[in-house]
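Please look over the structure below before reading on. This report goes through the shared sheet, the contact between the chains, and some points of local geometry.

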2 protein chains.
Amino acid sequence: MPLVRFLLGRPLANKEYGERKIGAFEGVPAMGLDALGSSSYGPEAALTVLISLGALSLAYIGWIMAPILLLLCVLYFSYRQTIRTYPSNGGAYTVSRENLGTNASLLAGAALMVDYVLNVAVGISAGVAALISAVPELHPYTLELCLAILVIVTLANLRGTIDAGRLFALPTYLFVGSFFVLLTIGITKAVMAGGNPTPVEPPPELPQAVELASLWLLLRAFSAGCTAMTGVEAVSNGVGAFREPRVHYAFRTLTTIVVILGMLLGGIAYLATAYRIGAMDQTQEGYQSVLSQLAGAVVGRNWFYFVAMGSLLAVLALSANTSFTDFPRLCRAVAQDGFLPRPFAVVGRRLVYSVGIIYLAITAGTLLIVFGGITDHLIPLFAVGAFLTFTMSQSGMVMHWRRELQKSDLSPKERAQHRVSLAINGIGATTTGAASGVIIAAKFTEGAWITLVIIPAAIVLLKSIRRYYDTLAERLRDDGPIALDQARPPIVVVATEDWNRLTDQALSFALGISREVFAVHLKDIAGPDADEKEQQLREQWRIDVEEPVRAAGLTPPVLLMLESQYRRLDVPLLALVEDMQAEHRGRVIAVVLPEVVKLRWWQYLLHTQRSRHVRSVLLKYGGPNVVVMNIPWRLEPRSAVEILETELKAELLHDEEALRSMAARLGASAAR
Amino acid sequence: MPLVRFLLGRPLANKEYGERKIGAFEGVPAMGLDALGSSSYGPEAALTVLISLGALSLAYIGWIMAPILLLLCVLYFSYRQTIRTYPSNGGAYTVSRENLGTNASLLAGAALMVDYVLNVAVGISAGVAALISAVPELHPYTLELCLAILVIVTLANLRGTIDAGRLFALPTYLFVGSFFVLLTIGITKAVMAGGNPTPVEPPPELPQAVELASLWLLLRAFSAGCTAMTGVEAVSNGVGAFREPRVHYAFRTLTTIVVILGMLLGGIAYLATAYRIGAMDQTQEGYQSVLSQLAGAVVGRNWFYFVAMGSLLAVLALSANTSFTDFPRLCRAVAQDGFLPRPFAVVGRRLVYSVGIIYLAITAGTLLIVFGGITDHLIPLFAVGAFLTFTMSQSGMVMHWRRELQKSDLSPKERAQHRVSLAINGIGATTTGAASGVIIAAKFTEGAWITLVIIPAAIVLLKSIRRYYDTLAERLRDDGPIALDQARPPIVVVATEDWNRLTDQALSFALGISREVFAVHLKDIAGPDADEKEQQLREQWRIDVEEPVRAAGLTPPVLLMLESQYRRLDVPLLALVEDMQAEHRGRVIAVVLPEVVKLRWWQYLLHTQRSRHVRSVLLKYGGPNVVVMNIPWRLEPRSAVEILETELKAELLHDEEALRSMAARLGASAAR
């Protein structure tokens with residue numbers, strides 16, 4: 001417990017909710033790292049597709065980056081509208097649910113979930129791969145490094161979105177600052193040199209083209225470059241994390257992220273052309289990423305180069321943080337609608353949805369372990385989900401505006417505004433839809449088809465979860481007054497192995513609630529002295545139980561001796577309970593299980609877990625009218641227990657102040 | 001469950017005990033594999049110490065093996081006496097406890113336990129090492145092979161000692177048979193050739209001596225060779241496994257094992273001298289074990305050679321089986337005395353002590369994993385424990401005979417017999433004691449000191465376990481009649497999150513056992529409509545609960561609304577229970593927790609585990625007068641539950657016949 005407290009901090013009260021909300025400063029590290037990290041691999045991916053064009057690739061990079069920047073612009077305005085209209089968590093999921101129906105919302109939700117999980121695995125392993133290419137000695141520790149980063153990001157997010165945002169603010173703003181300086185220097189040099197600057201560290205000569213540019217090649221380069229845009233939807237999915245006025249802070253965060261991303265993409269595309277930098281073959285010796293060549297060309301290999309590349313590496317590795325901000329919030333929205341298990345909707349210790357965070361960490365961790373920390377094979381799966389949700393969200397907004405426009409009480413001004421909004425989201429839907437098609441087509445054989453299998457499977461799962469909850473609610477629904485047919489004393493069965501204080505206490509309690517008490521004793525394996533022992537026990541029972549009970553004016557309990565050929569208490573007890581139920585239809589059979597309280601972990605090793613097992617068997621298979629009662633018995637003497645209890649309670653409650661205030665409040669409310 | 005049944009077989013009834021006992025045929029594979037396997041590495045180990053003497057080593061091997069054979073002989077007669085005197089499980093542990101006191105018995109017990117664990121790890125890895133030197137392609141799978149063998153031996157023993165004995169009879173007797181043939185051929189050839197036979201496959205030429213023989217070298221060779229004797233104590237530790245007359249079958253088994261072992265050791269020593277075979281350096285290319293050279297020299301590399309070597313390999317790998325027979329029986333004896341956790345004394349599904357078997361498998365498996373399946377470093381630790389227990393057991397017997405001789409009613413014949421017995425055990429104690437000293441001295445720096453640290457640590461642990469049980473028994477002891485101060489209806493608190501049938505049922509039950517019922521409802525996080533909701537709930541409570549209850553002539557329950565800033569039911573409930581206990585000193589507070597019954601594993605994922613958690617917190621920290629009641633509620637409709645229950649019950653009970661006979665017997669005994 002102290003370790004949990006050290007790692008996660010004290011539990012937070014509901015009234016602290018307001019203070020835990022984030023502003024734009026924390027919003028960019030919390031939600032923007034995915035998008036910012038994309039700036040490094042988007043252009044690189046596009047240039048890699050064009051690698052066969054050699055020096056010619058630079059002639060086309062502008063033609064590919066321009067539509068991407070345009071698309072980014074469209075997305076920006078579309079998402080502003082989405083955020084304003086649906087200022088809650090869930091983004092594409094909520095928009096689709098409200099405008100396109102349940103199936104569409106589950107499609108959007110499933111696509112987003114898959115994408116978020118992939119983003120964690122791919123982001124971390126990309127960051128670690130970059131680190132390893134810088135420090136090859138770390139190669140044997142690839143997986144360990146990946147998992148270490150995963151643990152750090154998970155812990156930070158379990159502490160809270162605001163903590164994670166603050167923790168990762170340094171690398172984020174260092175990255176933004178250093179690349180801003182880098183691009184400014186580079187562009188200034190390039191413009192001063194009339195578009196032909198002299199590189200400080202010349203990039204490798206670009207080879208001759210071995211292929212001619214085809215439309216399909218350019219489309220594939222475009223779809224590869226589109227990965228630069230994943231993460232733009234993040235803000236819309238996590239609006240609930242912002243403090244009030246939340247739309248204001250969400251806008252500021254979205255604007256900051258998109259402007260930085262746009263400048264980075266534009267700047268990189270321009271400088272790559274100016275300094276004649278192309279993608280290099282990753283499988284070849286001496287590989288350098290486009291950004292590394294670019295930074296070298298602009299400022300050389302000085303300390304600034306290393307600061308810039310170091311912060312890039314941190315941003316890449318931490319791009320997983322975006323998923324950790326949004327995935328739990330998305331899952332909460334889905335769980336509230338009953339499509340995910342309820343624990344996903346439970347607010348955890350630090351006022352975040354801890355189950356979602358842990359689930360994301362486990363799933364992504366499993367992917368990392370299965371792929372040994374190298375997730376290149378997962379990259380084609382990535383981005384499909386993101387663009388699917390872009391399209392869903394935009395289409396949903398189109399439907400929204402169309403419905404709004406049908407309202408009769410609109411002023412002409414409102415009508416005009418809605419028309420503009422409809423147009424923006426319409427363009428967004430069309431372009432992202434087209435981009436999705438290109439991406440799926442271009443990446444289908446590389447593995448994108450897997451996403452198209454997983455997403456429907458996920459939808460089926462979500463729907464069957466909802467079906468379970470619907471059945472549960474249906475069965476549990478209770479209209480009308482309470483049924484009092486069970487409101488009479490039960491038949492009580494006290495189960496025990498030995499006769500001691502434990503049994504004494506249990507019997508005494510049983511006698512207090514019913515006149516029909518049976519004590520069950522499991523006989524030892526038949527032996528020569530078994531009969532004698534039984535006789536002795538019955539005699540002791542008569543003197544120590546029956547007589548005093550009768551003297552106290554109560555009905556004495558009945559002693560039953562059970563024998564078990566299979567050395568277990570559960571089977572004969574179950575059979576006894578069944579017999580009793582058959583004999584006394586409708587009566588409740590209450591089984592009393594005395595239990596030694598184990599306050600220390602090692603005590604579990606020193607006791608058989610029979611009581612626990614018998615309890616679970618009786619509850620599961622005992623039939624409708626069986627109730628199980630646990631009578632705790634403490635080993636420690638009274639004073640020792642009190643010390644131990646105080647100590648353990650302090651741990652349990654995390655601080656005693658909380659307990660005191662709780663007790664005080666309770667006293668007031670218990671007075672009705 | 002069907003998997004468990006497939007792997008382990010049906011559960012066995014107590015009355016089947018007799019049929020599960022073993023005779024000498026199963027006894028040799030069950031207890032003798034350790035000793036028989038030793039025959040291969042004892043002589044090898046002695047010759048390896050003498051390796052620096054080169055060809056000269058053969059001049060000494062007789063001088064080393066002769067005392068070992070003599071010691072074996074002494075041990076044989078000593079152990080016969082031990083078995084006759086103490087025909088129960090526990091061997092050295094029991095003998096020491098009866099004659100030397102608790103500390104000595106714990107020393108013997110701890111030494112044996114450590115030795116048994118080491119035997120499993122070392123035996124399996126030695127077998128796998130031999131396999132790998134024959135088939136080098138298997139080298140990358142060393143650990144996997146070790147663990148696979150461990151799993152097989154574990155499963156076989158969980159099925160029962162007799163099953164393991166039968167399963168491993170084939171390799172055991174194949175080994176015995178083929179080596180008997182091999183030695184016979186070899187000795188015949190050697191004798192016919194006047195002691196200088198021509199090898200079929202000549203062993204490598206022995207090098208010149210690089211060192212002169214010293215007494216210390218010979219002592220070290222002797223102590224190395226003594227490892228051949230580990231396993232001789234096995235029969236005495238597991239006498240309880242034999243069928244009646246158990247001493248008879250134990251004698252037959254012990255005799256068989258010792259005679260085979262003696263013949264193997266003597267034959268190997270003679271043939272090594274005759275064929276001029278010495279140990280080879282294991283780290284050198286082309287290494288061959290002494291037995292492999294010997295078999296090659298006697299019969300050449302034909303099919304018979306491969307059968308013999310294959311069976312040797314199997315015996316080595318399966319020598320762990322001896323530990324699996326004896327370790328659980330030893331632990332059971334120790335647990336019955338309260339020095340080990342009680343579960344070690346529980347008879348499992350197949351009438352063996354399953355907890356001991358599983359514990360042994362886990363400990364040895366951990367050792368194998370930690371050492372990557374190569375346990376050479378553990379070998380020096382080995383044998384120290386065995387010889388310690390030899391000495392303890394013999395010394396105990398000496399004390400036994402001395403006490404017997406002090407009895408006044410002995411006939412002269414008995415007195416003479418006891419004197420002989422005393423002499424035999426005295427020689428045994430002296431020689432094994434001396435051998436222990438040599439072994440510890442010779443192997444001290446190689447790692448034997450670790451055993452001398454682990455064994456005392458184990459003794460401390462065993463004693464503290466006993467102290468716990470003593471305290472428990474002391475606190476639980478109940479003399480005199482039942483205390484009836486709790487025999488009055490408790491104050492009942494019904495805890496719930498929602499209002500539905502589940503709550504209905506729980507409330508109705510609570511009203512049946514007490515007139516003081518409180519229903520606790522956890523309020524939602526304060527929101528704008530929280531007050532309204534509360535008002536609505538109170539109104540519903542008045543109509544649906546209070547009025548009908550009053551109409552039925554019962555006292556209506558009191559509704560308490562609790563609020564929790566930390567989103568948990570346990571803390572406010574605990575505080576409430578504490579308040580109630582303070583207010584009503586001595587009264588029992590019964591907390592009713594309704595619980596949805598989960599019959600399928602995935603249902604656990606779909607529900608929060610709050611009820612379970614609250615139960616455990618209340619039992620642990622609720623104070624002395626808190627009782628927890630679980631009211632189960634089944635989701636499935638009645639008919640579906642019945643089908644499911646039948647199905648699951650069949651799984652639970654393993655066969656329905658057992659349930660029926662149980663129910664019938666129960667009916668009879670329930671009639672008192």
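Two strands count as paired if DSSP finds at least two bridges between them. The model described here is predicted. With that rule, one open sheet of ten strands emerges, and its pairing is mixed. Its order is S3(A)-S2(A)-S1(A)-S4(A)-S5(A)-S5(B)-S4(B)-S1(B)-S2(B)-S3(B).

Which strands stand at the edges? They are strand S3 (558-562) of chain A and strand S3 (558-562) of chain B. Each has a single partner strand, so one side of each is left without a neighbour in the sheet. On average, neighbouring strands are turned by 25° against each other, direction ignored.

Strands of a sheet pair through backbone hydrogen bonds, either parallel or antiparallel. Both kinds appear in the two pairings below.

| Strand | Partner strand | Bridges | Direction |
|---|---|---|---|
| S5(A), residues 626-633 | S5(B), residues 626-633 | three | antiparallel |
| S1(A), residues 491-496 | S4(A), residues 589-596 | four | parallel |

Individual residues mark these pairings. Met629(A) has Met629(B) in S5(B) as its bridge partner. Within chain A, Ile491(A) stands opposite Ile589(A) in S4(A).

Helix H23 (residues 610-621) of chain B packs on the sheet. In chain A, H23 of chain B touches S4 and S5. In chain B, the same helix touches strand S1 (491-496), strand S4 (589-596) and S5. The direction of this helix makes about 160° with that of S4(B).

Now the contact between the chains as a whole. How many residues of chain B are in contact with chain A? There are 94, and they meet 94 residues of chain A. Helix H19 (residues 501-513) of chain B gives the most to the side of chain B that touches chain A, with ten residues. That side divides into 62 nonpolar, 14 polar and 18 charged residues.

Chain A is divided into domain 1 (2-472) and domain 2 (491-635). The C-alpha centres of these two domains of chain A lie 61 Å apart.

In chain B, one helix departs from a straight line. Helix H18 (residues 412-476) of chain B has 65 residues. A straight helix would reach 96 Å at 1.5 Å a residue, but the end C-alpha atoms of H18(B) are only 51 Å apart. Where does H18(B) bend by about 120°? The bend is at Phe444(B).

Some backbone details remain. Most residues other than glycine have a negative phi, and most peptide bonds are trans. The bond from Glu244(A) to Pro245(A) is cis, with omega near -5°. Pro245(A) sits in the loop between helix H11 (234-237) and helix H12 (246-275) of chain A. In chain B, a cis peptide bond joins Glu244(B) and Pro245(B), with omega about -5°. The loop that holds Pro245(B) runs between helix H11 (234-237) and helix H12 (246-274) of chain B.

Arg276(A) has a positive phi, near 55°. Arg276(A) lies in the loop between H12 and helix H13 (290-299) of chain A.

How values were computed. Residues numbered from 1 in each chain as written. Chains lettered and ligands numbered in written order. Predicted model: local features only at pLDDT ≥ 70, side-chain atom pairs only at ≥ 80, totals over all residues. Domains from an automatic or database assignment. Contact = placed C-beta atoms within 7 Å. Nonpolar A, V, L, I, M, F, W, Y, C, P; charged D, E, K, R; others polar. Expected span 1.5 Å × (residues − 1). Bend = angle between axes of the 7 residues up to and from the residue. Axes fitted to C-alpha atoms, helices over the stretch in contact; angles between N-to-C directions.
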